Amino acid sequence: MKTSAVVNLLIALFIAVPATAQEQGKSITVFTAKKIVTMDPTQPTATAIAVRDGMILGVGSLQDLAPWLKGSMYTINDQFKENVILPGFIDPHMHPMLGAIAFQTVWITPEPWNVMGHKTPATIGEKAYRATLKKAFDSRDPNAPIFMTWGFSSDTHGELSGRLLDDISKDVPILVLQRSLHEAYINTPLLTLLKTKGLNPNKFKDHLQIDWSKNHFWEDGLFSVVLPFMSSFLLDPNAADPGYLKTRDYLTYNGVTTVADMNTGGTNWELEISALKRNLDTPESPIRVRLTPDVMKLAAALKSPEAAMTLVNQMKQHNTDNLVFNGGIKLFADGAMFSQAMQINAPGYIDGHKGEWITQPSSFVEFARSYWNAGYQIHVHTNGDGGAKMVLDTLQELENDKPRADHRFTVEHYGYADDGTSRRIAKLDAQVSANPFYLFDLGDRYAENGLGFDRAARIAPLGGLASRNVPVALHSDFPMAPAEPLFLAWTAMSRETLSGKVFSPSERLTLDQAIRAITIDAAYMIGMENEVGSIEAGKLADFAVLDKDPYEVGMKGLRDIKVWGTVFRGKVHQAKK
Ligand SMILES: [Zn+2]
Ligand SMILES: [Zn+2]
């Protein structure tokens, strides 16, 4: 009775204050919901949020909001009266461009995928991979100039080479992107095509990350030698834009409203920025992108580290509502987790192969130092305990030489590490943005192949960080993992692998830690905790609209929560079915 009396009073107020068309834009919208989980510890739940101009004015019950509504134009939006509202989810490390590229390819992956209801089954074993590849090629789009596939993983898919791809076609160019997107194989027609674009194999004949006998390119051999000659196809607006828009829909489908592009300019600065502007920086786009420039690639492209830093220094001037630079930059240390190219300390990989450096330690230290000294937030891709050691040695040296408060030095991925590494991260005041999907996807396979059970059980070890108060966030690194924050939260909580085994339960996150890791702590990870990540006065009105409260359903129910859509800056966006 009491509530409805207030509503009547509010409706009376609404009638009492007519608005001109101009004022209409400034009027208040009150979103009411069955429950609002704010992620603000001072007021964990609420039932109403007042929003004006995309900003949250107040949170509480409808009654609590009366002071805002008195004398103001407002409308009550109760379309979520059966729903639960959380802060819009934040994916603090993904790749819009790689999503756009992956969506241009045929997926043949070692794990099953479900993207907005479109399912890709797992392909296991060499025979199955080759048969699926042949079938996919035979039913390819005949108008596409290149046949592209993504997902190859030698640990289950066996051998691959340019010659094997020539057996599939001696005329049609074929590109096979490894699951990590840090490796590729091409056939002879594609090599010929790239030569016409200017690739000169002789210039790179001794490159350590290219095997010309297999047309196999990895890390720098892919990023600096092959991709620059492919970016004009891959990022051509006609080819790329549908992929960007699909990535955007996919994020909304999973309740995401803010992402960090954790490698801006890694392939081609101009093409990437213009693609982001066309597809994500529009009034209809419900995704905010925090840009994180790949400063080493920029330095290489501009042929000058100083020119790269000048460009980065000027980025803030170009900020828009949806494309934001706030002082974070990206560096790389060791190789990819999905390629078993991470640097692993003794006793190393069981088969004796060695990890890779994406950036040689000497240049890593040089770049880290210049951006540390200039006050930037440094995000470092590192996957193995050997990679983490080099990165933390560097951080310690930088701290000794020039101590910095609130530096938020961020370890990205944290693929495999021992507890001593977690302890050291706590000591050095660093933070971790982790990919918990590694454990779910790779735990079983790496226990058999590469690391052995004891070390595979410590993939993405987050409990030992959280218990030492290290800020932890969860990311998809999409397309490395599904961009489904609730699923990522479930993997970090359950530590279940694909086969249903539980690995190192002591490294689990609690429910609250896991939900924080996709909301407020994810915002903190990318320096945006004052704007997003919780539902509080003064923050942007970004919400994820769910059918159930994660805190009520707990770990077991997390994966089954359905996302209705999002609210972005106060505007409602229903997920596309
Ligand atoms: Zn990475
Ligand atoms: Zn990444």
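**Exercise 1. Decide whether His 93 is buried or exposed in this predicted model.**

*Solution.* Start with the relative accessibility of His 93, which is 0%. Next, recall the cut-off: buried means under 20% relative accessible area. His 93 therefore counts as buried.

Now try Asp 477 in the same way. Its relative accessibility is 6%, so Asp 477 counts as buried.

**Exercise 2. Find which residues coordinate the zinc ion (ligand 2), and where His 93 and Asp 477 sit along the chain.**

*Solution.* Step one: list the donors. The zinc ion (ligand 2) is held by His 93 through NE2, His 95 through NE2 and Asp 477 through OD, at 2.0 to 2.1 Å.

Step two: write their spacing along the chain. The pattern reads H-x1-H-x381-D.

Step three: place the two residues from Exercise 1. His 93 belongs to strand β5 (residues 89–94), while Asp 477 is in the loop between β21 (472–474) and α20 (485–494). The two are 384 residues apart, and this pair links distant parts of the chain.

**Exercise 3. Work out which residues coordinate the zinc ion (ligand 1), and how many Å separate this ion from the zinc ion (ligand 2).**

*Solution.* Look for the donors. They are His 381 (ND1) and His 413 (NE2), at 2.0 to 2.1 Å.

Then locate them: His 381 lies in strand β18 (residues 377–382) and His 413 in strand β19 (residues 410–413), 32 residues apart.

Check accessibility again. His 381 has a relative accessible area of 3% and is buried; His 413, at 2%, counts as buried too.

Finally, go from one ion to the other: the zinc ion (ligand 1) and the zinc ion (ligand 2) are 3.3 Å apart.

**Exercise 4. Trace the six-stranded open sheet and say which strands are at its edges.**

*Solution.* A reminder before you begin: strands of a sheet pair through backbone hydrogen bonds, either parallel or antiparallel.

Follow the order of the strands: β6-β9-β10-β11-β13-β12, with mixed pairing. The edge strands are β6 (106–107) and β12 (210–211), because each pairs on one side only.

Zoom in on one edge. β6 pairs with β9 (residues 147–152) in the parallel sense over two bridges. Here Trp 107 stands opposite Trp 150 in β9.

**Exercise 5. Identify what strands helix α8 and helix α9 lie across.**

*Solution.* Take α8 (residues 188–196) to begin with: this helix lies across β10 (174–178) and β11 (183–186), running at about 100° to β11.

Move on to α9 (residues 220–234). Helix α9 lies across β9, β10, β11, β12 and β13 (216–218), and runs at about 100° to β13.

Conventions:
Residues numbered from 1 in each chain as written. Chains lettered and ligands numbered in written order. Predicted model: local features only at pLDDT ≥ 70, side-chain atom pairs only at ≥ 80, totals over all residues. Heavy atoms only, no water. Helix = DSSP H or I, 4+ residues; strand = E, 2+ residues; numbered from the N terminus. Contact = heavy atoms within 4.5 Å. Axes fitted to C-alpha atoms, helices over the stretch in contact; angles between N-to-C directions. Donors = N, O, S within 2.8 Å, 3.2 Å for Na, K, Ca; no water. Buried < 20%, exposed > 50% of the residue type's maximum accessible area, 1.4 Å probe, protein only.
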